[in-house]
Amino acid sequence: MALSAKCAVDLIRRDISSACIKRYAIQNSLKYSSWKTCLSEPLPSFPQPIYTSSKNFNHETKVNTLSNGLRVASQNKFGQSCTVGVVIDSGSRYEVAYPGGISHFLEKLAFNSTIEFADKNAILQELEKHGGICDCQGNRDTLIYAASANSKSLDPVINLLSEAVLRPRLSNEEIDKARQTIQFELEDIEMRHEQESLMMELIHKAAYSNNTLGLPRFCPPENVLKIDQKILYTYLKNHFTPSRMVVAGVGIEHEALMEACEKYFVGKPPIWEMEKLALETSPPVDNSLSQYTGGLVKMEKDMASISFGPTPMPELAHFVLALERMYTRLYTNVLNRYHWMYSATAFNHSYSDSGIFCIHASSHPSQLKDLVAVIVNEFKVMTCQISHSELERAKIQLQSVLLMNLESRPVVFEDIGRQVLATGTRKEPEYFIQEIAKITADDIHNIASRMLKSKASVAALGDLKHLPSLKEIDADLVSKEKLRSKRFSLFS
């Protein structure tokens, strides 16, 4: 039945009136409610919240030595994730009595089958349960096994690391796969247009000829088929000992880490003690100090045929000059001034007993002689006047790089592990910031002068017809004559 117009108007008035009454009641009830409370004040009639604060954590690095000689170091860090790993005093510098390339093999064989885990998939599945990842990196003086996972999963992660380091199966099938991976990697290095890794290999060979740090980091092609299971286990038996290891962790409680290490690194023996896997007679561990020799290593190579495509890279000759031991001037003094210079980068390689400072540069082969003169001159001008602003800029840049790198948890882990392995303790970043601030221009001059007195190490790759001899480079380094800038010309 249809409503009359009057009835409809009465209904609408009644609805509007009731809505107004309800709105007024709601406004009154919410007048003092939580939605009107300032965000900086606690909510009324609610319990006081307790927030987690990074100030509650002690960021001091703690170091202890277990009964078997294993060192355990850690630093607690705010967050729900942790990075733990094993830093081992092992690497290509210790392979003088073995076929070169063992560390390269161990890096590729890491986190495969162990006594407890059937294969690599089993390890990865275990890590996946704890939101973790793992990695192994080999160097000339260290081998690092590391994993990042949830901080509450410390015990299973330490168990996994102990299995990977102390109880690997190293089956023949896994070794064959590692051979294939290494052969592919060696071929890739040869075909790559970027030659930095190869040049760093060559400069170490020149600087430390036939000893320690000059031994090959990458497995030589002739040794790929020589390295077998017995050789690998013999190396592990001699070099993977507790006294040569540091278990480091970031983002975990030190006591919990020590307890887990005692359980898995002390309580459970390595596989080479349970089974006869190594050679009966094994060479002693090489603890000799590195001997800086200097010298020249050349590799003639056709670089014109490496780069293909519609916009191929230019043909380059690569040159590295190193001296035994800065905000770098390479950009302003070299790349901006010499248009034919393709690249110029400074590197500093530090080790426990030695180190080299080097500059890697590249240009067209026809400009190689001029390139050498420019780089030699950059070494020489380090003994000249350094402006206050230039030095301060270099110090601030170095401090900034140091602090930015240490914002990363894996970098902090590696820093702790390497420092404790080398010195038994860890110096905090504040120490290095203060030491950098103390550097003066006289310090730079003294170090540069000492560097120039050492014999040059030179590595060169590509078309080397215009490369000066090592004798000429050495003579130029000690000469007081400075390089004269040539006038820029598009037709030079």
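Trainee: Which residues does Phe 105 touch, not counting residues up to four places away in sequence?

Mentor: This is a predicted model, in which local features need pLDDT of at least 70 and side-chain atom pairs pLDDT 80 or more, while totals for chains, interfaces and linings use all residues. Residues are numbered from 1 along each chain as its sequence is written, and side-chain values use heavy atoms, without hydrogens and water. Contact means heavy atoms within 4.5 Å. With residues up to four places away left out, Phe 105 touches Ile 175, Ala 178, Arg 179, Ile 182, Cys 219, Val 224, Ile 227 and Leu 232.

Trainee: Which helix gives the largest share of the largest nonpolar core?

Mentor: A nonpolar core joins buried Ala, Val, Leu, Ile, Met, Phe, Trp, Tyr and Cys residues through side-chain atoms within 4.5 Å, where buried means under 20% relative accessible area with a 1.4 Å probe, protein chains only. The largest one has 78 residues, and Phe 105 and Leu 232 are among those with the most contacts inside it. Helices are DSSP runs of H or I with at least four residues, numbered from the N terminus. The largest share, eight residues, comes from residues 154-166, helix α4.

Trainee: How many residues does the second, separate core have?

Mentor: This core includes Val 334, Ala 448, Val 458 and Leu 467. Its size is 32 residues.

Trainee: Which residues are closest to the centre of the largest cavity?

Mentor: A cavity is a set of points on a 1 Å grid over the protein atoms alone where a 1.4 Å probe fits but cannot get out, and lining residues have an atom within 4 Å of a point. Of the 14 lining residues, the closest to the centre are Leu 109, Ala 110, Ala 164, Pro 168 and Leu 170.

Technical notes: Buried means under 20% relative accessible area, exposed over 50%, partly exposed in between (1.4 Å probe, protein chains only). Helices (H or I, at least four residues) and strands (E, at least two) are DSSP runs, numbered from the N terminus. On a 1 Å grid over the protein atoms alone, a cavity is a set of points where a 1.4 Å probe fits but cannot get out, and a pocket is an open set with protein on both sides within 12 Å along at least five of seven lines; lining residues have an atom within 4 Å of a point.
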